Amino acid sequence: MRQKQNVPLAGHTTLRLGGPAARLLEIESVDELVATVRDLDARGEPVLVLGGGSNLVVADEGFAGTVLKLAFDAIAISSGEVIVDAGADWDRLVARAIDEGWRGVECLSGIPGSVGATPMQNVGAYGQEVSQTISRVRVLDRSTGAVSWIASQDCAFAYRSSRFRGQSRYIVVQVAFAFPHDSQNRLGSPIRYAELSRALGIAEGERAPLREVRDVVLRLRGAKGMLLDPSDPESVSAGSFFVNPIVDAAAVARIERTAGAAVPRFPMPDGSVKVPAAWLIERAGFAKGYGRGGVSISRKHALALVHRGNGSTRELLALAREVRDTVQSRFGVELSAEPIMVGCAL
């Protein structure tokens with residue numbers, strides 16, 4: 001286990017923002033993670049578990065505790081499951097799935113971050129969510145010190161949510177997946193997202209080759225600045241900063257009256273409607289590229305807030321609040337932040 005003192009967390013987040021951590025430990029195994037957290041908890045020391053840092057906003061003041069950087073990333077196959085360490089790179093797993101003919105995560109290609117973070121917010125894109133393929137999640141329960149598996153049906157998965165999000169009791173150490181396997185035809189799952197089906201040139205509900213789906217998704221994400229790319233300044237972000245709000249029919253009607261235009265919508269199983277936050281942001285008067293100081297809305301996608309260099313978390317949050325409050329005032333819809341906040345709040 002390697003240890004460093006006063007480590008700037010800006011170098012460990014995709015936003016490139018965040019002050020120093022008092023201490024950073026690189027954790028190299030599940031057992032080491034469990035033993036370290038138990039020890040730190042017994043001493044009452046604040047703990048932050050860090051994977052890829054792609055969904056994280058860290059205060060300028062940093063973190064006055066110990067950051068545990070996950071450096072274990074095994075992928076193993078056992079009894080029909082694919083068991084993956086929390087520190088594994090998510091897109092590495094997706095690429096492996098494509099190679100093996102495993103279906104169910106091809107539409108999640110190019111999403112930055114670690115595997116351990118994916119069940120926390122039930123990561124999703126282009127009509128797929130990780131909850132569709134996760135069979136169980138192995139966690140450390142900090143309240144008892146025990147390590148156990150939690151079955152998928154007990155994870156309370158919902159849109160961008162689960163029982164693990166917004167709490168400190170559980171730390172994900174491994175995730176098990178049950179992928180449908182198509183080693184011969186290598187066709188992906190039915191496409192359930194209109195933008196993706198159009199880009200693939202197929203009807204919604206049809207299937208396309210896994211590798212083709214991955215290639216098209218990567219192209220779509222790249223065009224929106226949603227791929228980590230050192231050559232693309234629009235990718236210096238935390239991805240989608242706001243969650244697409246879910247509203248009722250009355251709210252949709254109110255939004256349409258105010259906007260004077262039909263609202264793009266995605267029906268939810270309970271009869272409510274998911275509305276694109278980016279659409280609301282732009283119609284609230286925020287153009288792509290709008291910013292202040294060293295931060296701005298992405299020039300490629302209104303849902304991402306980008307750090308352009310020499311900025312601060314304080315500036316980022318001020319811009320986020322301006323966007324949130326304006327959308328609330330204009331449309332009566334409150335936008336919620338998608339990234340995890342460390343030492344700060346929206």
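Helices and strands here are DSSP runs, with at least four residues for a helix (H or I) and at least two for a strand (E), numbered from the N terminus. Keep that handy, and remember that you're working with a predicted model.

**Exercise 1. Find out where Gln174 sits and what surrounds it.**

Step 1: Locate the residue. Gln174 belongs to strand E12.

Step 2: Decide whether it is buried or exposed. Buried means under 20% relative accessible area. Gln174 has 13% relative accessibility, so it counts as buried.

Step 3: List its contacts. If you skip residues up to four places away in sequence, Gln174 touches Val30, Ile83, Val84, Asp85, Ala86, Val137, Arg138 and Trp149.

Step 4: Try a distance. Val115 is 59 residues from Gln174 along the chain, and their C-alpha atoms are separated by 8.1 Å.

**Exercise 2. Work out which residues of helix H2 are buried and what they pack against.**

Step 1: Pick out the buried residues. In H2, residues 90-100, these are Trp90, Asp91, Leu93, Val94, Ala97 and Ile98.

Step 2: Ask how they're arranged around the axis. Their arc is only 155°, which means they lie on the same side of H2.

Step 3: Recall a bit of helix geometry. An α-helix has 3.6 residues a turn, so residues three or four places apart point the same way.

Step 4: Look for the partners. The buried residues of H2 pack against strands E6 (75-78), E7 (81-85) and E12, and also against helix H4 (210-223). You've already met E12 as the strand that holds Gln174.

**Exercise 3. Sort residues of helix H5 into buried and exposed, and see what comes after the helix.**

Step 1: Start with the buried ones. Within H5 (residues 249-259), Ala251, Val252 and Ile255 are buried.

Step 2: Check their arc. It covers only 100° around the axis, so these residues share the same side of H5.

Step 3: Turn to the other side of H5. There you'll find Ala249, Ala250 and Arg257, which are exposed.

Step 4: Name the packing partners. For the buried residues of H5 they are strand E14 (246-247), strand E16 (273-274), helix H6 (277-283) and helix H7 (313-331).

Step 5: Step off the end of the helix. Gly260 follows H5, and its phi is positive, near 70°.

**Exercise 4. Describe two residues, Tyr126 and Ala156, that have a positive phi without being glycine.**

Step 1: Know the background. Most residues other than glycine have a negative phi.

Step 2: Read off the angles. Tyr126 has a phi near 50°, while Ala156 has one of about 55°.

Step 3: Place them. Tyr126 is in the loop between strand E8 (124-125) and strand E9 (128-129). Ala156 is in the loop between strand E11 (146-151) and strand E12 (170-177).

Step 4: Judge their burial. With 8% relative accessibility, Tyr126 counts as buried. Ala156 has 47%, so it counts as partly exposed.

**Exercise 5. Give the location, burial and contacts of Ser131 and Val306.**

Step 1: Begin with Ser131. It lies in the loop between E9 and strand E10 (134-141), and at 18% relative accessibility it counts as buried.

Step 2: Find its contacts. Leaving out residues up to four places away in sequence, Ser131 touches Asn122, Ser152 and Phe157.

Step 3: Now take Val306. This residue is in strand E19 (residues 304-307), and it is buried, with a relative accessible area of 0%.

Step 4: Collect its contacts. Apart from neighbours within four places in sequence, Val306 is in contact with Pro233, Glu234, Val236, Ser237, Gly294, Val295, Ser296 and Ser298.

Step 5: Add some distances. The C-alpha atoms of Ser131 and Arg321 are separated by 30 Å, and the two residues are 190 apart along the chain. For Val306 and Ala259, the figures are 26 Å between C-alpha atoms and 47 residues in sequence.

**Exercise 6. Check whether the radius of gyration of the chain agrees or disagrees with that of a compact globule.**

Step 1: Compare the values. A compact globule of 346 residues would have a radius of gyration near 20 Å, and the chain has 20 Å, so the two agree.

Step 2: Add the extents. The C-alpha trace spans about 60 × 50 × 40 Å along its principal axes.

Step 3: Fill in the overall picture. The chain has seven helices and 20 strands, and buried residues make up 52% of its 346 residues.

Step 4: Look at the contacts. Of those between residues at least 6 apart in sequence, 61% join residues at least 24 apart.

Notes. Residues are numbered from 1 along each chain as its sequence is written. This is a predicted model: local features need pLDDT of at least 70, side-chain atom pairs count only at pLDDT 80 or more; totals for chains, interfaces and linings use all residues. Side-chain values use heavy atoms; hydrogens and water are left out. Buried means under 20% relative accessible area, exposed over 50%, partly exposed in between (1.4 Å probe, protein chains only). The arc is that of the directions from the helix axis to the C-beta atoms. Contact means heavy atoms within 4.5 Å. The radius of gyration is taken over C-alpha atoms; the globule rule is 2.2 Å times the number of residues to the power 0.38.
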